[in-house]
Every structure is written in C-alpha cells, then in structure tokens.
Amino acid sequence: MIDREQINKDLYSMREYFATCAGNAQPGSEARERFAGWVKTLTCIAVEIEKIAHFDNVVETPHQVSIVICTNCGKKWVAVRSLTTQNASLKCPKCHRQGTAVETGLPLDPEVTGEDDGK
Ligand SMILES: [Zn+2]
C-alpha cells in the first residue's frame, strides 16, 4: 500500500535539503543551478503525485503550487494543493497547526525556500 502522505513528507524533506544546498552554494555557480534544478524537479514530482491522487475523481483537478507562510511560527513552505483546497485546511509542517497558512506571493525560488528553516 502506497503511503502518499509519507511520499509527500519525503519529497518535502528532499526539497528542503536541495534548497538549503542551493542557498549555501556560491551565487551564480554551477552547483547552485544544479541544486535549484532539483528543487524544481521535486516540486514537479509533488504536483504529479497530487494529480495521480485525483485520478480517482476522473475529472482532473487543476492545481496550484505556491509558497505559504505559517502565521503561528513563521515557517515558509511550498504548498501543493488543488485549486479548491482552502489555505485554512493546510497544516504547518513545523508547528503542525492547521489554518495558519497564508500566501506569501513569493516566486518559487530556491533562494526563498532555502531560508525557511525557522532560524
Ligand atoms: Zn507553524
């Protein structure tokens, strides 16, 4: 049995790892580009998995991917969800509160997602 929640968690960890690597690499370096590329790839995989989850509904649901911030602990993360999912139903991966996520309006940039480890 496939545990999608676990897969999403793993993907999130990997994305955070690569985003941190990108943040630590020299700006404009090849390493940074490589790490940033992986962040994008992992985001694509997360979107794909989310889509597969909705195949059961026959109708393919359009999705949104954006960076949200938890108003409780300040955690920023890349949220992948269907367009019908309210931000209020998102759960913070750090403080685990629900309903505290708001849009940051930030671009999906590893330099942004890399600094979200709550320091
Ligand atoms: Zn939080």
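C92 lies in the loop between β2 and β3. In this predicted model, C92 is buried, because 20 other C-beta atoms lie within 10 Å and the cut-off for a buried residue is 20 or more. C92 and A79 are separated by 13 residues in sequence. In space, their C-alpha atoms are 9.8 Å apart.

The loop between β2 and β3 also holds H96. Here the surroundings are sparser in the sense of the count: H96 is exposed, with 11 other C-beta atoms within 10 Å. An exposed residue has 12 or fewer such atoms, so H96 falls in that class. The backbone of H96 has a positive phi of about 65 degrees, although H96 is not a glycine. Most residues other than glycine have a negative phi.

The chain as a whole contains 3 helices and 3 strands. Along the sequence they follow the pattern α-α-β-β-β-α. The chain has 119 residues, and buried residues make up 20% of them.

Helix α1 covers residues 4-24. At 1.5 Å a residue, its 21 residues should span 30 Å. The end C-alpha atoms are 30 Å apart, so the span agrees with the expected value. The buried residues of α1 are R15, F18, A19 and A22. They cover an arc of only 105 degrees around the axis, which puts them on the same side of α1. The general geometry of a helix helps here: with 3.6 residues a turn, residues three or four places apart point the same way. The face of α1 turned away from the buried side carries exposed residues. These are E5, Q6, K9, D10, S13 and N24.

Helix α2 follows at residues 30-53. It has 24 residues. From its first C-alpha to its last, α2 reaches 35 Å, close to the 34 Å expected at 1.5 Å a residue. Its buried residues are F35, A36, V39, L42 and A46.

The two helices pack against each other. The angle between α1 and α2 is about 165 degrees, and their axes are 8 Å apart. That angle makes α1 roughly antiparallel to α2, because angles over 145 degrees count as such. The crossing of α1 and α2 is left-handed.

The strands form an open sheet of 3 strands. Their order is β2-β1-β3, with antiparallel pairing. The edge strands are β2 and β3 (101-103), and each pairs on one side only. Neighbouring strands of this sheet are turned by 50 degrees against each other on average, direction ignored.

Strand β1 spans residues 63-70 and is joined to β2 by 7 bridges. The two strands run antiparallel. V65 stands opposite V80 in β2. S66 has A79 as its bridge partner in β2. A79 is also the residue whose C-alpha lies 9.8 Å from that of C92. In a regular strand, side chains alternate between the two faces of the sheet.

β1 and β2 form a hairpin, with 5 residues between them. The turn includes G74, which has a positive phi of about 85 degrees. Strand β2 itself covers residues 76-82. It is mostly covered, with 5 of its 7 residues buried.

β1 also pairs with β3, again in the antiparallel sense. This pairing has 3 bridges. Within it, the bridge partner of I69 is V102 in β3.

Technical notes: Residues are numbered from 1 along each chain as its sequence is written. This is a predicted model: local features need pLDDT of at least 70, side-chain atom pairs count only at pLDDT 80 or more; totals for chains, interfaces and linings use all residues. Helices (H or I, at least four residues) and strands (E, at least two) are DSSP runs, numbered from the N terminus. The expected span of a helix is 1.5 Å times one less than its number of residues. The arc is that of the directions from the helix axis to the C-beta atoms. Two strands pair if DSSP finds at least two bridges between them. Axes are lines fitted to C-alpha atoms, for helices over the stretch in contact, and angles run from 0 to 180 degrees between N-to-C directions. Angles under 35 degrees count as roughly parallel, over 145 as roughly antiparallel, 65 to 115 as roughly perpendicular and the rest as oblique. A crossing is left-handed if the near helix is turned anticlockwise from the far one by less than a right angle, and right-handed if clockwise.
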